[in-house]
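Hello, and thanks for passing this one along. Below are my notes as numbered points, going from the overall fold down to single residues.

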Amino acid sequence: MLGPACLVTAASKHKRTEEVLAPASIAVILVLYLFYVFDQLLIGFYVAVGLLLACWAAGVFLHLRRPSKDKLARFLSPGLAVFLLALVVIWMVTKRSQTRHFDELRLWAGVPRALFQTDRLQLGPDCFTYPTMQSYYPGIALFQYFFQKLGSAFSENGLFFAYSFLGLTLIIPCCRALPW
């Protein structure tokens, strides 16, 4: 889903894909957070998906309007190849990952699970999370929620994958100087 946003940015701002993956991911978090604050998380999910689809349509339109090998080369960069290869490795490593009841990850995984199950703001006495978790900034949890909602059911391995995906988008700009 983030690829289309990267296509538009790469086509219009002369950036490579690996340079715009992190801003696109953070934009998803910000859109979700805006709706989360107003207790409309599910609507925020659909708005984020809609914006990403609109970016895809705009990217295709920009490319078809003025086809350019340069635009396509910025999108299909060596950094994107490294990113996709790393995602395959991350998926293989995280596909059987589970949080445990005795580790600190149960708190880390509790907020995205509560968000997925309720699509609601997790504050106050009626929320599913522990009172100590209510001060937890929901940025990464919202990104994990986004990944979970793209699927049909909640899966703990998806939490690990989303977390790793976000981390990878933050370090992949180091690959922008790679030549083909």
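1. **Overall make-up.** The protein chain has 8 helices and 0 strands, so the order of elements from the N terminus reads α-α-α-α-α-α-α-α. Please keep in mind that this is a predicted model. Of the 180 residues in the chain, 43% are buried. Among contacts with a separation of 6 or more, 74% join residues 24 or more positions apart. The accessible surface comes to about 10200 Å², and carbon and sulfur atoms account for 68% of that.

2. **Helix H2.** Does the span of this helix fit its length, or does it not? H2 covers residues 17-37, 21 residues in total, and at 1.5 Å a residue it should span 30 Å; the C-alpha atoms at its ends are 30 Å apart, which agrees. Many of its residues are buried, including Thr17, Glu18, Val20, Leu21, Ala22 and Ala24. Further along H2, the buried residues include Val28, Ile29, Val31, Leu32 and Tyr36. As a reminder, an α-helix has 3.6 residues a turn, so residues three or four places apart point the same way.

3. **Just after H2.** Which residue that is not a glycine has a positive phi of about 60°? The residue is Asp39, found in the loop between H2 and H3. For context, most residues other than glycine have a negative phi. At 22% relative accessibility, Asp39 counts as partly exposed, because the partly exposed class begins at 20%. I would be glad if you looked at this residue in the viewer.

4. **Phe38 and the surface patch.** Phe38 shares the loop region between H2 and helix H3 (41-65). Its relative accessible area is 61%, over the 50% cut-off, so Phe38 is exposed. Phe38 belongs to a nonpolar surface patch together with Tyr33, Leu34, Val37 and Tyr137, with about 530 Å² of accessible area together. Tyr137 sits in the loop between helix H6 (105-118) and helix H7 (139-150), and is exposed as well, with a relative accessible area of 53%. In addition, the C-alpha atoms of Phe38 and Arg120 are separated by 9.1 Å, although these residues are 82 residues apart along the chain.

5. **Salt bridges.** How many salt bridges does a search of the whole structure find? The count is 2. In general, side chains of opposite charge can pair when their charged atoms come close. One of the two is between Arg113 and Glu156, whose closest N and O atoms are 2.7 Å apart. This pair links distant parts of the chain, with Arg113 in helix H6 and Glu156 in helix H8 (residues 156-171), 43 residues apart. Arg113 is partly exposed at a relative accessible area of 29%, whereas Glu156 is buried at 15%.

6. **Lys149 and Asp119.** Lys149 forms a salt bridge with Asp119, the closest N and O atoms being 3.2 Å apart. Here too distant parts of the chain are linked: Lys149 is in helix H7 and Asp119 in the loop between H6 and H7, 30 residues apart. Are these two residues buried or exposed? Both Lys149 and Asp119 are buried. For Lys149 the relative accessible area is 19%, which is under the 20% cut-off, so Lys149 is classed as buried. Leaving aside neighbours within four places in sequence, Lys149 is in contact with Leu42, Phe45, Phe116 and Asp119.

7. **Leu80.** This residue is found in helix H5 (residues 78-94) and is buried, with a relative accessible area of 13%. Leaving aside its neighbours within four places in sequence, Leu80 is in contact with Thr17, Glu18 and Phe75. Thr17 and Glu18 are among the buried residues of H2. The C-alpha atoms of Leu80 and Arg176 are separated by 9.1 Å, with their positions 96 residues apart along the chain.

8. **Cysteines.** The structure holds 0 disulfides. A disulfide is a covalent bond between the sulfur atoms of two cysteines. Cys55 is partly exposed, with a relative accessible area of 25%, and Cys174 is exposed, at 69%.

Note on methods:
Residues are numbered from 1 along each chain as its sequence is written. This is a predicted model: local features need pLDDT of at least 70, side-chain atom pairs count only at pLDDT 80 or more; totals for chains, interfaces and linings use all residues. Side-chain values use heavy atoms; hydrogens and water are left out. Helices (H or I, at least four residues) and strands (E, at least two) are DSSP runs, numbered from the N terminus. The expected span of a helix is 1.5 Å times one less than its number of residues. Buried means under 20% relative accessible area, exposed over 50%, partly exposed in between (1.4 Å probe, protein chains only). Patches are made of residues with over 30% relative accessible area and no salt bridge: like charges are joined within 9 Å, nonpolar side chains (Val, Leu, Ile, Met, Phe, Trp, Tyr) within 5 Å. Accessible areas come from the Shrake-Rupley method with a 1.4 Å probe; for residues, only the protein chains shown count as cover. A salt bridge is a side-chain nitrogen of Lys or Arg within 4 Å of a carboxyl oxygen of Asp or Glu. Contact means heavy atoms within 4.5 Å. A disulfide is a pair of cysteine sulfur atoms within 2.5 Å.
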